[in-house]
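Visitor: I would like a close look at a single part of this model. Please keep it brisk.

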Amino acid sequence: MEKRVTFSRWSIGILFAVPQLLLIFTFFYWPAGQAVYWSLTLQQPWGGGNIWVGLDNFRSILANTDYWNSITASLIFAGISTGLAMVIALVLATLTDRQLAGSRLYRVVLIWPYGIAAPALAMAFRFILAPEAGFMAAVNKVWPGFWDPGLNGADAMASVIIAFSWKYVGYNFIFFLAALQAIPRSLVEAAAMDGSGVLRRFRDIQFPLITPTIFFLLVINITESFQDSFGIVDIMTAGGPANATNLMVYKIYSDGFKGLDYSGAAAQSIILMLLIIVLTIFQFRFIERRVHYK
Amino acid sequence: MSIIKQGLAALAAGALGLTLAQPAAAAPVKFDFWFGLSGDLARVVDTLCKNFNASQSDYEAVCTSQGNYDATLQNTIAAFRAGKQPTVVQVYDVGTATMMLSGAYYPADKLMEENGYKIDYSDYFPGIARYYATSKGEMLSFPFNSSTALMYWNKDAFAKIGKTEAPKTWEDVGADLKALKDAGYDCPMAINISGNESWQLMEQFSAIHNQPIATENNGYDGLNARLEMNKTKFVQYVGDLKKWYDAGLIKIKSKDLGQDMVQAFASGTCQLIMTSVGDHGTVGKTQKEGMSWDVAELPVYAGTERKNSLVGGASLWVLSGKSPEEYKGAAAFLNFIHDPKTALFWSTNTGYIPVAKSGFEYMKANGFYDKAPYKGREVAIASLTASEPTEITRGIRLGNFTQIRAEFGTQMQAIFANKVSVQEGIDTLVKNGDAILDRFQQTYANKTLP
């Protein structure tokens, strides 16, 4: 007997699917379509009299050296902050998983950072990393001019990377710890009885078993570092100095909302969307092969 | 259970009572006013609204802060596109060109005339009025909170180098900074070089020296204006600032570095800053105990005939698409704000200056400028009225000026970080700024400035 629910007529099936399709259309495809339409026109902010310009917006963006600098800055930011956030989280999760004294406390404390909103944590890090007033002021006392995010682009980039990674360490930590604790104790204990050391056990048993989690977090971290960073940039550096931290998503925000250039911002967000799609395809195509799901 | 029931019944009765009571009391016509000030200043605006509402019973202004100027403009545009715009909105100076081309406003002078209010427009200080007027002189919006840039100087520090006056020329500034440094002051002068300081460093400087920012009389004569400050005295000025910075005579102070200019001056760390007269109150309230300081007009280069400085701040726009009753309310509100008594209230509680001669005279007659915390603010009026506005000093009318200011910050940072030379940096500022203007002109291809 057929167990699946079937409909006598296909139209009834469609009818049941309509609410779902409508939701997807309203919340995903309609805004995306709107962005595509805007990117092909010149929008007057107050509405009325929009001019069709075809691909002109894309041409002018791609001919702009500042835009290419912002792509480079975004890639550097995404690469380093993802790497930092994942490695630190993995180390902390491994230590917590070994049930050292107080590991339950660490578990709670390490999850907190992810709960803090980006602007709040950016304010905190702006103070901590301020060259004249915060923690780094002490370092500057010893080596004058060592730390100057106000004029040194590399220092400014370092400060937004530190703030962003700090937040995602908490997020990654939860997933890593859950993955590590899902590994049967007996496997690790058996290896220990065979005389393998901590690092060996990690390399040959734990690491391969958590590769699905690592892959998942890699995709999420890279995507988020492209999209979720503008609050931190806005408060800590406002894209400066001299565009050093003008990440793609921040440029979209400042051109669109502060500069009222809706069309240029729409075209940039299409490019950003394409870039994220390409990166995600790349990850699934080449990195997922190394993942062991069973 | 019965308590809840009783509560509900009471609520229902209350609601019924309200609906019944309304027609009898002839409820005032409500209209929305959105503004961009926050914190201390927002509380003053709230009081202003309360005073207006208490002054008559026909209208009620519902005043809502949108946080800051940028957000106010963004939210208003979003609301306008959704047909839910406020009746009156505060828009900052650099948004004026965008507003004029929006087609979304109800001209303020027309509104006042149609509702029977006689406003004497020659009463406004010309430097303030012309910033917000069309090239034909029609007032599309009314100036509200106005300011201009001044030089704040520490009298104690200057006394140490034998000076009893603020420097009047940039040549003097150079000598004084050196003397202050030699007298042991670590930070003779503080500046900031983000996009916002384009106002003091580029715009005010250019106006006082009668140097253009852009062609077409700073954009007043058409959307085809293009930047040209890479060919003016501005280049020499940036060169001097950079030279003094390299010599340790100027320090960069900003919030992200730990201390902004105003704090650095008020705490006695830095001896000279250029900032808005709007900060006069803040310095007075937060200054180091017993520190003696004063304000002066911004310096000029030797041999320059000083012109009026530019107004900063914001004006009030009335938006289109509202009912005649709401417009009546808006007209009454604008008339209330224009009143000299309101000017006195406003200037006492903020650092802003009166926008009309009548307000200024009224305040002078009340002895406002003789008293300690407000003494010195009349320098702002002197600076704004130093000359009749010229074609160049009446204001700046450039599209997407916010983006040009951001570009100013970017290039100044590149110059101060030694990435490019002074001339290269300003050339790039002009090139990128022109691209922004070009884009604005294309967007409004079918429109011209009123």
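Visitor: Which residues does B:Arg397 touch, not counting residues up to four places away in sequence?

Guide: A caution before the details: this is a predicted model. B:Arg397 sits in the loop between helix 17 (378-384) and helix 18 of chain B. Its contacts come from several stretches of the chain. B:Arg397 touches B:Thr96, B:Ala97 and B:Met100, among others. It also touches B:Arg130, B:Tyr131, B:Tyr132 and B:Ala133. B:Asn218, B:Gly219, B:Tyr220 and B:Leu449 complete the list, with residues up to four places away in sequence not counted.

Now the charge. B:Arg397 is buried, yet it has no salt bridge. The nearest side chain of opposite charge belongs to B:Asp221, 8.9 Å away. A salt bridge requires a nitrogen-to-oxygen distance within 4 Å, so B:Asp221 at 8.9 Å does not qualify. Polar partners are found elsewhere. The side chain of B:Arg397 reaches the backbone oxygen of B:Tyr131 at 2.4 Å. With the side chain of B:Tyr220 it makes a polar contact of 3.1 Å.

A second arginine of this chain is worth a look. B:Arg226 is placed in the loop between helix 10 (215-218) and helix 11 (234-246) of chain B. Leaving aside neighbours within four places in sequence, B:Arg226 is in contact with B:Ala214 and B:Thr215, and also with B:Asp434, B:Leu437, B:Asp438 and B:Gln441. One of these, B:Asp438, joins B:Arg226 through a side-chain polar contact of 3.3 Å. The side chain of B:Arg226 also reaches the backbone oxygen of B:Leu223, at 3.4 Å.

Next, the surroundings in terms of the partner chain. Helix 18 (401-416), which follows the loop of B:Arg397, supplies residues to the interface, as the list below will show. The contact takes 39 residues from chain B and 34 residues from chain A. Together the chains bury about 3,000 Å², with 54% of that on carbon and sulfur atoms. On the side of chain B, B:Arg81, B:Leu257 and B:Arg439 lose the most area to chain A. Those three account together for 22% of what that side buries.

What polar links cross over? The count is two salt bridges between chain B and chain A. In one of them, the side chains of B:Lys253 and A:Glu132 meet at 3.1 Å, N to O. Across the interface there are also 12 residue pairs in polar contact, both residues at pLDDT 80 or more. Helix 3 (69-81), helix 4 (96-102), helix 18 (401-416) and helix 19 (422-443) of chain B each supply at least two residues of the side that touches chain A. By type, that side of chain B divides into 15 nonpolar, 15 polar and nine charged residues.

Last, an element elsewhere in chain B. In helix 15 (residues 340-349), B:Thr342, B:Ala343, B:Leu344, B:Trp346 and B:Ser347 are buried. Their cover includes helix 2 (39-55), strand 5 (142-147), helix 14 (324-338) and helix 16 (357-365) of chain B. B:Asp339 caps the N-terminal end of helix 15. There, a side-chain oxygen of B:Asp339 lies 2.8 Å from the backbone nitrogen of B:Lys341.

To return to the starting point: B:Arg397 is buried without a salt bridge, but its side chain has B:Tyr131 and B:Tyr220 as polar partners.

How values were computed: Residues are numbered from 1 along each chain as its sequence is written. Chains are lettered from A and ligands numbered from 1 in the order in which they are written. This is a predicted model: local features need pLDDT of at least 70, side-chain atom pairs count only at pLDDT 80 or more; totals for chains, interfaces and linings use all residues. Side-chain values use heavy atoms; hydrogens and water are left out. Contact means heavy atoms within 4.5 Å. Buried area is the accessible area (1.4 Å probe) that two parts lose on being put together, summed over both. A polar contact is a pair of N or O atoms within 3.5 Å; within protein, one must be able to donate a hydrogen and the other to accept it, and residues adjacent in sequence count only if both atoms are side-chain atoms. Helices (H or I, at least four residues) and strands (E, at least two) are DSSP runs, numbered from the N terminus. Ala, Val, Leu, Ile, Met, Phe, Trp, Tyr, Cys and Pro count as nonpolar, Asp, Glu, Lys and Arg as charged, and the others, Gly among them, as polar. Buried means under 20% relative accessible area, exposed over 50%, partly exposed in between (1.4 Å probe, protein chains only). Lys and Arg count as positive and Asp and Glu as negative; His and the chain ends are not counted.
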